[in-house]
Structures are given as structure tokens and as C-alpha cells.
Amino acid sequence: MIYPRQTHLHRLFAETAIPAAQRDVERLREVLSTGVDVNRASDDASRYHRARSLDNVVSRLDSYERNVTSATSVLDHTQHYLDAMGERFVKAQELAIQGNSDTLNANDKAKLASTIDTLLDATLDDLNARIGDRFLFGGTTASGG
């Protein structure tokens, strides 16, 4: 037999414990669906603050990674152009040494000079190379005057 006082306690338990259990179930469902234990400051203020701080750190690291990727691209392009210019300088030096010979006639020397001019033009083109809208080496601007 249930005494009136026990009935009152059962009803009180049902009125308080069941809604609390439902809130706990909803909270667990949210954690399972989001994969995140702390979704708002009211869940756990100190852990929420730490998570926000870590989000800021991750954001800064992402920014650093983008900057490093961009810098790597610029360095790779720069290395490519510098290697090509270095090879042209070596070739121009070889042609200059060749042209310094008394065994070559004026026509042969003119051909060497023309080849050196071509190397110079290619080098100037490389010095005006761009990545996007920026000059890689500062570039040059022709001014009319």
C-alpha cells in the first residue's frame, strides 16, 4: 500500500527528475550531433573560453600557413628566374670570350653580339616577371618623355 506521503514524493521526483533527465538527454544528443562537448558558455564557461582561445590560435596558424604557401610560391618563381638568368650570364660570358678571338671575322662577331642581345632581352623580360599583379623583382616602367 502506498502512503499519501510516498505518493507526494513520487510525484515530486517525477516533476523534477524527469525534466532534468530530458535536458541531459537533449544535451547528450547535441554533443553527439555536433561532436563538440562545449557549444556555449553556459555549458562550461572556463572550457568554452579555452576553446575560443584555441579557435583564435588555429585561425592565426591558418593565416601563417597561407602566408608561408604564398611566400613559397614567390621563392619558387624567384629561384626559377634566377637560375635561368644565371645560365644566360654564363652563356653570355662564353660568347664574349669566343668573340674576343682574332680568328673571327666581323660577320661572326656580329652574330655573337646578336645572340648576346637576345640573351639580354630575355634577361630583361625575366627581370620584369610578375606573380599576379606584382613584379617579382620590382620591374621597370617605361616612361615616355
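Here a student and a tutor talk through the labels used for this predicted model.

Student: What is the overall pattern of the protein along the sequence?

Tutor: Read from start to end, the order is α-α-α-β-β. That fits the count of three helices and two strands.

Student: Which element has the lowest mean pLDDT, and which the highest?

Tutor: Helix H1 (residues 4-34) has the lowest mean, 74, and H3 has the highest, 94. For the protein as a whole the average pLDDT is 83, and 85% of the residues score at least 70.

Student: Why is Thr 123 called buried?

Tutor: Let's put the value next to the cut-off. Buried means under 20% relative accessible area. Thr 123 has 6%, so the label is buried. You'll find Thr 123 in helix H3, and Thr 123 touches Met 85, Arg 88 and Phe 89, leaving aside residues up to four places away in sequence.

Student: And why does Thr 78 count as buried?

Tutor: Same kind of check! The relative accessibility of Thr 78 is 17%, and the limit is under 20%, so Thr 78 counts as buried. Thr 78 sits in helix H2. Leaving out residues up to four places away in sequence, Thr 78 touches Leu 136 and Phe 137.

Student: Which residues of H2 are buried, and what do they pack against?

Tutor: They are Thr 78, Tyr 81, Ala 84, Met 85, Arg 88, Ala 92 and Leu 95. These buried residues pack against H3. For the whole protein, 10% of the 145 residues count as buried.

Student: How do you know that the span of H2 is close to the expected one?

Tutor: H2 has 55 residues, and the expected span at 1.5 Å a residue is 81 Å. From its first C-alpha to its last, H2 reaches 80 Å, which is close to that value.

Student: What makes Arg 52 and Asp 55 a salt bridge?

Tutor: Look at the distance. A side-chain nitrogen of Lys or Arg has to be within 4 Å of a carboxyl oxygen of Asp or Glu. For Arg 52 and Asp 55 the closest N and O atoms are 2.4 Å apart, so the pair qualifies as a salt bridge. Both residues lie in helix H2 (residues 45-99), three residues apart, about one turn of the helix. In an α-helix, residues three or four places apart point the same way, because there are 3.6 residues a turn.

Student: Are Arg 52 and Asp 55 buried, exposed or partly exposed?

Tutor: Partly exposed is the term for values between the buried limit of 20% and the exposed limit of 50%. Arg 52 has 33%, so Arg 52 is partly exposed. Asp 55 has 38%, so Asp 55 is partly exposed.

Student: What makes Arg 88 and Asp 126 a salt bridge?

Tutor: Their closest N and O atoms are 2.8 Å apart, and the limit is within 4 Å, so this pair passes too. Arg 88 in helix H2 and Asp 126 in helix H3 are 38 residues apart, so the pair links distant parts of the chain. Arg 88 and Asp 126 are both buried. The structure holds two salt bridges.

Student: Which residues form the nonpolar patch on the surface?

Tutor: Leu 82, Leu 120, Leu 124, Leu 127 and Phe 137, with about 400 Å² of accessible area together. Helix H3 (residues 106-127) gives the largest share, three residues.

Student: Why can Leu 120 belong to a patch?

Tutor: A patch residue needs over 30% relative accessible area. Leu 120, in helix H3, has 46%, so Leu 120 clears that cut-off and counts as partly exposed.

How values were computed:
Residues numbered from 1 in each chain as written. Heavy atoms only, no water. Patch = residues over 30% accessible without salt bridge, like charges linked within 9 Å, V, L, I, M, F, W, Y side chains within 5 Å. Areas by Shrake-Rupley, 256 points an atom, 1.4 Å probe, with all protein chains shown as cover. Helix = DSSP H or I, 4+ residues; strand = E, 2+ residues; numbered from the N terminus. Buried < 20%, exposed > 50% of the residue type's maximum accessible area, 1.4 Å probe, protein only. Expected span 1.5 Å × (residues − 1). Contact = heavy atoms within 4.5 Å. pLDDT = per-residue confidence, 0-100.
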